[in-house]
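Work through the exercises below with the sequence and the model side by side. Try each task before reading its solution.

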Amino acid sequence: MYLPEDLYRAVKEQGLGASELLQEAVRAELRRRALLEETERYVAELAAEVGEPSAEAVERAERLSRQIRREAEPRASSRRAG
């Protein structure tokens, strides 16, 4: 695998093994993609079974998602600061 010189230098300055780090990153990305595919399959199966959500259900889910993100932001900020 190719790693640009600036990234390679930064990895070495941190005392990290480039090969191990790249392998870990590739494994994580492959897992992320597999989970995403599995989620998409599940959602498609669910939609086929119970039908597409109504506009009201989608709006409610979006509101809840925004609320959860807003409530999570202060906790994430405090973890970064602490």
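**Exercise 1.** State how many salt bridges a search of the whole structure finds, and describe the one between Glu5 and Arg9.

*Solution.* Step 1: a salt bridge is a side-chain nitrogen of Lys or Arg within 4 Å of a carboxyl oxygen of Asp or Glu. The search finds five of them. Step 2: this is a predicted model, in which local features need pLDDT (the predictor's confidence in each residue, from 0 to 100) of at least 70, side-chain atom pairs count only at pLDDT 80 or more, and totals for chains, interfaces and linings use all residues. Residues are numbered from 1 along each chain as its sequence is written, and side-chain values use heavy atoms, with hydrogens and water left out. Step 3: in the pair Glu5 and Arg9, the closest N and O atoms are 3.5 Å apart. Both residues lie in helix α1 (residues 5–13), four residues apart, about one turn of the helix; helices are DSSP runs of H or I with at least four residues, numbered from the N terminus.

**Exercise 2.** Find which residues are joined with Glu29 into one network.

*Solution.* Step 1: Glu29 pairs with Arg32, their closest N and O atoms being 2.7 Å apart. Step 2: Glu29 also pairs with Arg33, here at 2.6 Å. Step 3: salt bridges that share partners therefore join Glu29, Arg32 and Arg33 into one network.

**Exercise 3.** Decide whether Val50 is buried or exposed.

*Solution.* Step 1: buried means under 20% relative accessible area, exposed over 50%, and partly exposed in between (1.4 Å probe, protein chains only). Step 2: Val50 has 59% relative accessibility, so Val50 counts as exposed.

Terms used: Helices (H or I, at least four residues) and strands (E, at least two) are DSSP runs, numbered from the N terminus.
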